[in-house]
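Visitor: I am new to this structure and would like a close look at a single part of it, the sheet. Please describe how the sheet is built and what lies against it.

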Amino acid sequence: MSKSSVVALPVLSEPVAPCCPPLNERPLSAEEAERTSKMFKALGDPVRLRLFSLVASHAGGEACVCDISDVGVSQPTVSHHLKKLKDAGLLSSERRGTWVYYRVEPAVLAAMGALLATAATKAA
């Protein structure tokens with residue numbers, strides 16, 4: 001299968017747990033703070049943030065590792081950073097033949113966005 005072939009992704013039946021409630025709703029529990037901290041820590045590295053951005057902005061909502069690996073580090077380092085993003089719950093992946101395709105987890109991204117939007121609103 002070539003990397004340009006279009007393949008339908010399966011619909012996930014299990015919802016992804018959001019990271020946390022909006023900051024003005026209630027204080028974060030210890031578990032929510034831990035989960036959220038892992039996500040922000042994963043995005044705290046410039047290479048990981050760039051990889052996350054490449055996946056998020058890629059047409060179709062997913063990106064082949066072959067299309068996003070040119071970030072100025074070796075392929076093993078790219079794999080390491082993508083694994084960190086997956087472990088933090090920010091990306092999911094699917095192997096298709098020899099290529100791995102990455103997707104941003106929309107529910108988690110929406111929850112993080114709500115957390116930040118609330119924080120920005122409170123600061124204004």
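**The sheet and its surroundings**

Guide: The secondary structure of the protein chain comes to 5 helices and 3 strands. The model is a predicted one. Read along the sequence, the elements follow the pattern α-α-β-α-α-β-β-α. The protein chain has 124 residues, and buried residues make up 32% of them. Among contacts between residues at least 6 apart in sequence, 58% join residues at least 24 apart.

Now the sheet itself. The sheet is open, has 3 strands in the order 1-3-2, and its pairing is antiparallel. Strand 1 (62-64) and strand 2 stand at the edges, and each has a single partner strand, so one side of each is left without a neighbour in the sheet. On average, neighbouring strands of this sheet are turned by 25° against each other, direction ignored. As background, strands of a sheet pair through backbone hydrogen bonds, either parallel or antiparallel.

Strand 3 (99-104) is a good place to begin. In strand 3, 5 of the 6 residues are buried, so this strand is largely enclosed by the rest of the structure. Strand 3 pairs with strand 2 in the antiparallel sense over 6 bridges. Within that pairing, glutamate 94 stands opposite tyrosine 101 of strand 3, and arginine 95 stands opposite valine 100 of strand 3. Strand 2 and strand 3 form a hairpin with 2 residues between them. Glycine 97 lies in the turn of this hairpin and has a positive phi of about 65°.

Strand 3 also pairs with strand 1, again in the antiparallel sense, over 3 bridges. Here the bridge partner of cysteine 64 is tyrosine 101 in strand 3. Tyrosine 101 has thus been met before, opposite glutamate 94.

Cysteine 64 deserves a further word. Cysteine 64 is buried, with a relative accessible area of 1%; the cut-off for buried is under 20%. A disulfide joins cysteine 64 to cysteine 66, with an S to S distance of 2.5 Å. The count of disulfides comes to 1. The torsion about the S-S bond of cysteine 64 and cysteine 66 is about 125°, so the disulfide is right-handed. In general terms, a disulfide is a covalent bond between the sulfur atoms of two cysteines.

Next come the helices that lie against the sheet. Helix 2 (46-57) lies across strand 1, strand 2 and strand 3, and runs at about 85° to strand 3. Helix 4 packs on the sheet as well, touching strand 2 and strand 3. The direction of helix 4 makes about 125° with that of strand 2.

Helix 4 can be followed in more detail. At 1.5 Å a residue, the 13 residues of helix 4 (residues 75-87) should span 18 Å, and the end C-alpha atoms are 18 Å apart, which agrees. The buried residues of helix 4 are Val78, His81, Leu82 and Leu85. Seen down the axis of helix 4, these buried residues fall within an arc of 100°, so they line one face of the helix. What covers them includes strand 2 (91-96) and strand 3 of the sheet, along with helix 1 (30-43), helix 2 and helix 3 (65-68). The face of helix 4 turned away from the buried side carries the exposed residues Pro76 and Asp87. Glycine 89 follows helix 4, and its phi is positive, near 85°.

Helix 1, one of the elements that cover the buried residues of helix 4, can be described in a similar way. The 14 residues of helix 1 should span 20 Å at 1.5 Å a residue, and the end C-alpha atoms are 20 Å apart, which agrees. Glu32, Thr36, Met39, Ala42 and Leu43 are buried in helix 1. Seen down the axis of helix 1, these residues fall within an arc of 120°, so they line one face of the helix. Ala30 and Lys41 are exposed on the other side of helix 1.

To put the part together: the strands are ordered 1-3-2, helix 2 lies across strand 1, strand 2 and strand 3, and helix 4 touches strand 2 and strand 3.

Conventions. Residues numbered from 1 in each chain as written. Predicted model: local features only at pLDDT ≥ 70, side-chain atom pairs only at ≥ 80, totals over all residues. Heavy atoms only, no water. Helix = DSSP H or I, 4+ residues; strand = E, 2+ residues; numbered from the N terminus. Expected span 1.5 Å × (residues − 1). Buried < 20%, exposed > 50% of the residue type's maximum accessible area, 1.4 Å probe, protein only. Arc of directions from axis to C-beta. Contact = heavy atoms within 4.5 Å. Disulfide = S-S within 2.5 Å. Pairing = 2+ DSSP bridges. Axes fitted to C-alpha atoms, helices over the stretch in contact; angles between N-to-C directions.
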